[in-house]
Each structure stands twice: as C-alpha cells, then as structure tokens.
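This report covers aromatic contacts, a pocket, backbone outliers and chain layout. The sequence and the structure are shown first.

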Amino acid sequence: MNPKRRQRLFIVLFIVVGVGIAVGLTLFALNQNINLFYSPTQIAQGEAPEGRRIRAGGMVVDGSVIRSQESLEVSFEITDYENTVRVEYAGILPDLFREGQGIVAQGELDSRGVLKAVEVLAKHDENYMPPEVAEALEKAGKMPRPAGQEFNK
Amino acid sequence: MIPELGEYALILSLCLSVLLAIVPLVGATTGNALWCSYARPLASAIFAFVLFSFLCLSWAFLHNDFSVAYVANNSNTALPWYYRLSAVWGGHEGSLLLWLLILAGWIVAVAVKSRNLPQDILARVLAVMGMISTGFLMFVLFTSSPFERYLPQVPQEGADLNPLLQDFGLIVHPPMLYMGYVGFSVAFAFAIAALLSGRLDAAWARWSRPWTNIAWAFLTLGIALGSWWAYYELGWGGWWFWDPVENASLMPWLIGTALVHSLAVTEKRGVFKSWTVLLAIFAFSLSLLGTFLVRSGVLTSVHAFASDPERGFFILVLLALSIGGSLLLYAIKASHVKSESSFSLLSRESFLLINNVLLTVICATVLLGTLYPLLIDALNLGKLSVGPPYFNALFVPLSALLALSLGVGTLVRWKQTSATLLLSQLWLPALAALLAGGVTLALLPQWPGIWAAIGLLLAWWVVFAGLRDLFNRVRHKRQPLAAMFQQSRAYYGMVLAHVGVAVLAVGIALVSTFSEQSDLRMEPGDSRTFGGYEFVFDGIRKVDGPNFHSDTGVIRVLRDGELYTEMYPEKRLYNARGMVMTEAAIDPGLFRDLYVALGEPLGGDAWAVRVQYKPFVRWLWLGGLLMTVGGILAATDPRYRRQAKRETASAAA
C-alpha cells in the first residue's frame, strides 16, 4: 500500500469511527428520552413499566375529578371505556381539561398503579381527541358513536 | 360570484404556471430567445391572478360570506375586522393560499430584480419556480380549495376563528415564516438552474446570495415571532417546546444558516460549490417537509388543524418528486463541478466548513428526533414521543462548539493562516472573554450550572472576537475611528447577526437557569413574595369583550412595600365555540419579565394562579431580531448591484 493510499485509508477509518460514535451516542440519547404511549387497558394488564416516564391517554371519567381544598393537587380517572386508570397531578390543568374530554398525561406509574402526572395535555379544540386515544378506543371497540364521527374531522 | 372569480383566477394561474414551467426552459435549452423572454410577463401574470384570488377570499371574510365553507369555519360576525382579515390564513386552505401568494411574490420579485441576469439563467430560474407553483396550485385546487361553498343551506353565523389565533402574533407569524420557507425556493431555483446550465461559478453564488440572505432573515423573524407568540398566548410561559412543528421550522433554518455561510465561501473562493448546491436543495426540501409535517396532520400539535390523508399523500408525492428529481439532477451534474482554488487546514474555509458540518449534524439530530416517532408508528411498533431532554442533550453541546468555532472563524484568514499569527490574534479576545465571563458569573446570584456558564463565556467570546476583527480592519487606516463607520453593509450585517447569536446565547443560558415559577392557590387578599416582588390577589372582575366573556384577575404587585404595577390576567370564554382561553398578564422588561396567568376557579373565590419570574427572556427575541436585521443589511449591500451593472456592461461590450 503506498503512503497516499494509507493516508486515505486512515482518513476514511477516522470518519467511519467518528460517525459511528456520534450515531451511537445519538441513538443512546434518543432511547433514554422516548416516552411510550399506553392505553388504560394496557396499564391495567400490567404492560406499562413502573417508575419510567410514560404517556397515557383516555377520556376523563365523569364525576371522577377530586380537588384538594388546600392545594392544587387534583386526581381524576381516565378511561378507554374498558379499563380506568387514576391520575394524580399537582398544578394547573389545561384550559380544555374537563370531564368527558380526551387528554394525554405524562408521568410515572407508582406501585399502586396510579399515574403520577407531571404534565397533562388537552388540545385546543372541544371535539378533539388525541390520535393515540382515538386509536386505543377504536381498538377496544369503544369509540363513542355517533359523536365519534365528529372527532378529528 | 366573487369566490368563484377567486377560484377561476387560481385555475388561470395554474395554466400560466404550467406555461412558465415549460416554455422558458425549452427556450433556454434550445437557445430560443423569444421563448426565454416569455418568462417575465408570465411571472407577473401569475402574481396578478394569485393576488386577485387572495383578495377575493379576503373580501369574502370581510363581508362575512358564510356560504363559503372556509369562511364559515373560521370567522364570525362578532370578530373584529382585523381578525377577520388575518383569519384568511387562520386555517389550512387559506394558509396555503398565502403560501401561494408569497411564492408568486418571490417569483415576480426575481423577475423584476434580475434584469441583469443572463437571459437563459433567468429563464431557467423562473421555470423552476413555475414548477413549484404548479405543484402547489394543483394541491390547492384539487385537495384544499378555500372557495368551496356551503350550498344550499347557508349557515347564518360562522364557527369563529380559533381563539388561540385571535392575536397580533398570528397576524404576523405565518406570513413571516412563509416568506422564509418559500424564499428558499429562490435559492433552490438558482441552484437547479445552475445545475441545468452547467455553469456553477462565483457569479451564480453572487446572484443567489442576497435572495438567500433575505429568505433566511424572514425565517429567523418568523421563528422568533412564533416563539414569542407561544410564550404569551399559549399561556404558560414556555418559549421553545421542541414540538415537532417548531422543529419543522428550525430544520430549514439550520440548513439555511449553513447555506448562507457556504455561499459566502463559494462566492469569494470558488470552493464548496457542489456542497452549496446540495444545501440549497436541502433547505428547500426541509421547507417542503415542514409544510408536509404541519399540514398532513401526521403530527399532534397546535398547528395541525386539518388531518386529511389525501392531502398528506399529495404533499408527500410533491415532496418525493421535488427532492428525488433535484437529487437525481445533482447526481448527474455535480460530478463535473471543479473547485477553483484550494485551502489549507488553518483557513477561514476550514472553519466555515466546520460551521456547515456542525449545523448539518444539529439538523440531522433534530430530524431524527422529529421523525423517529412517525417511523415507529408507521412500522406499528407502538406510539411514543421524544422528550425535550433528547434535543437539549445534543443541541446544547453542538451549539457551544459552533459558537467556539464562530469566534475563531471571524479571525482566521482566507486560504491560509499560520498557527502563530492565529494565536497572536486569538489570545487577547480569549482572555477578555474569560475575564468578562468570570465577572458575569460572579455577578449572578448563584452558580448557573456548567452549560449556562459555558454559554455566557461563549457569548463574550463571540463579541470579543468580533471586536478584534473590527480592530484589525481599522488599525492601519489613517483615521481609524472614521473607518469604523465606512465598512461595507455586508460586514455590518455579519457583525449584527453574530451579536444576535451572543445575545441569544445569554438569553437561553439565563432564562433556562434562573426562571422561577410557582402554581398557587389564591383567595382574595392572599399574597406571595416571589423574585423580590410581592403579588397580592385582589379577586376577579367580570369583563365583556366583543366576542368573549372574561374573568379578569386583579393582581397588585408591590416592591419594597410600594405599589409597583397592577396586572390583569384573564380567563376568557369565547361564545361561538364555547372555548376557554388563558390570557396571561406580562410586565415586560429588558432584564426580566413578570408573568401571571390564571388557572381554573377552585370553588369559593379561590383561583389557581401561576406566577413566573423570567430573567432575560426578551433577549431570546432580541437576538432573533438582530439576526434578522443583519441578514437584511447583508442582502442590501450595494456591492451586488454594482457587480451586476458591471457584468451587464461587460456582456454588452
């Protein structure tokens, strides 16, 4: 191998190794920070991990919202009309949070199977249902009809 | 009648666009000057018809013509006239019409401003832009016409504009953003025209530079406005969420920034030519991708108002055609491109290359984080989202490297610099940055964390390296002080934009580390001290607006026991849609914002209240503004006009 080729080989090897490391680190960072979505049924069946950041979505169950009298703590249930999961949250809920509305909560499951939410998302549209929720409801065969046709149009 | 005229004008402009895409291109290929000369009048005609169509839609909004479905869905008689006008681009169909209008505007601007271009090049550029407008006109006419009627049952009242969008921010944010997105189509068209003609030289880079700078400046402004709007209107004081839609606008900006720098090298030194072309292709492709991501409804976000698979499919086809076609052309033609000069490792070329590589890598990581959930979903592997920590973990260190090389890049010379000369240039600004940074850190109430500290140091570094560069430029002049004001506009533009980077870095570092926030339960008379201010809640007043009812909170802010200001955060109920909206109250300042937002009523007279103290948050948008002004200054440098004149003269001779 002549010196010029050898130099070229080194450069190519250097680039390949460098890109490999960069891609590896990026994928590692990505894997540490993905939040998987689980439906209440999946959570009830124990598919969701405990103590890891997840997203859960469903419709807020009528009459399930309990507010604390002293602080901003609030607790409510979300359902895919098959199973329900209790969510606990401290803070200000989004404008469109209300009973019967589809929401997505981000947080961790504790040992009681309660989702300790750090963020609650509701979309700025009264008929909106998060796609994940719509799909979960569709799967469970519990999509509300005919109101369901109004969703996401 | 008038909406039908609007639709008809769109059909006419589609026909004209097809002509514009074909006739000048054939003329340029066969050397037929007559066919080439059709490009300019066609461009003006397209603009006139699209403008007419846009005015028709505006007329329908102003006159509350609810027989037009789009108007009925996005307007209301109670809406003030200025929001009725801005509602034109408040939904999917209208915002695409705005996209088209801006595209037509860019086409006619190129046609008017480029009289000095060789005729065949101008013909090719306008033909490529004609292809783009053909694609988008077809998209609007076939899948999302804003002029469709609700007949025969005309609604008596419109459904109202989404209250989130009833705001000054929305009036200006989309047009600015689109000016940027669509502006990259000019750089794209120049690149494709250069590839087609096989004349990739410094002249091409010089023609393309001012257009790219302007587009980049508008995109910067659009992103900054979007961030500002999210800050005060979404209600919770965040300024960047790594939301997929924000990423969709950030990606073309990153590649556009790389393009602006790479064009400079191509113009001055005749190297990086094929790389520059590739960047121009990518910048526009990412703008198209952004439009696809936002408009197809594959993403969940505030912007995704229309989810219609047919539309998504159509844009996907457009995307595949334009990216595939241009990359194919690139693959065929770019191998013939030869560099006109060489450079050594320590040269400005190298550092601009580092800048380009870093920006591209940042863009790639953002792209990965944005598309990964879509990919996983498409493969049926589950639903997931990528959290902000991923983006922060990669974006922050890479941007720090970028700022570090920015300082060196401004001081290193073209072609070659000896290491000793470079060191003699660098040590003083480096020392000054360390000292100033140390003083800044000592003045802070506490240690801000390693990355914020690095950010502050680098901000000083960028400023001092720029000062050193200015000193080099003037010190051998007879009157150094006067020479400071006699530099070229392009130079001042560069300096402003780089100062903007420093200001932005300071803003990000401080607002991320020293923001304070707390959610409180407050009853009338309750008070809370926060960030050196005392907030007293005086209860709620009922106020009626033109199309909403509002619960307005009254909050007295005391400083050292004396009344400082009163703030009125609102909770609005919009009548037409029954939607609840939070209107935050902000006391802005150059060094800190006080931010109060109302949560929900908690029974009795108690309300949830969020109070925030945001130091240096204005610096984020100030930085963006400086970059915008810098970009525009650089683009209007008289050099481009003089050069163009000289070229015409030599061509005529």
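The charged end of B:R348 is placed over the ring of B:W414, 5.3 Å from the ring centre. B:R639 likewise lies over the face of B:Y640, at 4.6 Å from the centre of that ring. A charge sits over a ring if NZ of Lys or CZ of Arg is within 6 Å of the ring centre and within 35 degrees of the ring normal.

The model is predicted: local features need pLDDT of at least 70, side-chain atom pairs count only at pLDDT 80 or more, and totals for chains, interfaces and linings use all residues. Residues are numbered from 1 along each chain as its sequence is written, chains are lettered from A and ligands numbered from 1 in the order in which they are written, and side-chain values use heavy atoms, with hydrogens and water left out.

**Aromatic pairs**

Over all chains, a search of the whole structure finds 29 aromatic pairs. Rings of Phe, Tyr and Trp (its six-membered ring) pair if their centres lie within 6.5 Å; planes under 30 degrees apart count as stacked, over 60 as edge-to-face and the rest as tilted. Two of the pairs are set out below.

| Pair | Centre to centre | Angle between planes | Class |
|---|---|---|---|
| B:Y82 and B:Y83 | 4.7 Å | 65 degrees | edge-to-face |
| B:F591 and B:W619 | 6.4 Å | 45 degrees | tilted |

B:F591 is in the loop between β9 (585–587) and β10 (592–601) of chain B, and B:W619 is in helix α19 (residues 618–635) of chain B, so the pair ties together parts that are 28 residues apart in sequence. Helices (H or I, at least four residues) and strands (E, at least two) are DSSP runs, numbered from the N terminus. B:W619 counts as buried at 18% relative accessibility. Buried means under 20% relative accessible area, exposed over 50%, and partly exposed in between (1.4 Å probe, protein chains only). In the edge-to-face pair, B:Y83 is buried, with a relative accessible area of 16%, whereas B:Y82 is partly exposed at 39%.

One aromatic cluster is formed by B:W240, B:W242, B:Y390, B:F391 and B:F395.

**The second largest pocket**

B:Y640, the residue whose ring lies under B:R639, is also among the residues nearest the centre of the second largest pocket. The others named there are B:K113, B:P210, B:W211 and B:R641, and the lining has 25 residues in total. Elements that contribute two or more residues to this lining are α6 (92–113), α8 (168–197), α9 (202–233) and α20 (638–652) of chain B. The largest share, 6 residues, comes from α20(B).

The volume of this pocket is about 660 Å³. On a 1 Å grid over the protein atoms alone, a pocket is an open set of points with protein on both sides within 12 Å along at least five of seven lines, and lining residues have an atom within 4 Å of a point. Grid points are joined across faces, edges and corners, and a volume is the space filled by probe spheres set on the points.

By residue class, the lining divides into 13 nonpolar, 5 polar and 7 charged residues. Ala, Val, Leu, Ile, Met, Phe, Trp, Tyr, Cys and Pro count as nonpolar, Asp, Glu, Lys and Arg as charged, and the others, Gly among them, as polar.

**Positive phi values**

A:Y81 is a residue other than glycine with a positive phi, near 65 degrees. A:Y81 is found in the loop between β4 (73–79) and β5 (84–90) of chain A, and is partly exposed at 39% relative accessibility.

B:K415 is a residue other than glycine with a positive phi, near 70 degrees. The loop that holds B:K415 runs between α14 (388–411) and α15 (419–443) of chain B. B:K415 is partly exposed, with a relative accessible area of 39%.

**Chain layout and distances**

Chain A has 4 helices and 7 strands, in the order α-β-α-β-β-β-β-β-β-α-α along the sequence. Of the 153 residues in chain A, 42% are buried.

For chain B, the domain assignment, automatic or from a database, gives domain 1 (1–166), domain 2 (395–514) and domain 3 (516–616). The centres of domain 1 and domain 2 of chain B, taken over C-alpha atoms, are 44 Å apart.

B:E93 is in helix α6 of chain B and is buried, with a relative accessible area of 16%. The C-alpha atoms of B:E93 and B:S145 are separated by 6.1 Å, with their positions 52 residues apart along the chain. B:I450, in helix α16 (residues 450–474) of chain B, is exposed at 52% relative accessibility. B:I450 and B:P152 are 66 Å apart, C-alpha to C-alpha, and 298 residues apart in sequence.

Terms used: On a 1 Å grid over the protein atoms alone, a cavity is a set of points where a 1.4 Å probe fits but cannot get out, and a pocket is an open set with protein on both sides within 12 Å along at least five of seven lines; lining residues have an atom within 4 Å of a point.
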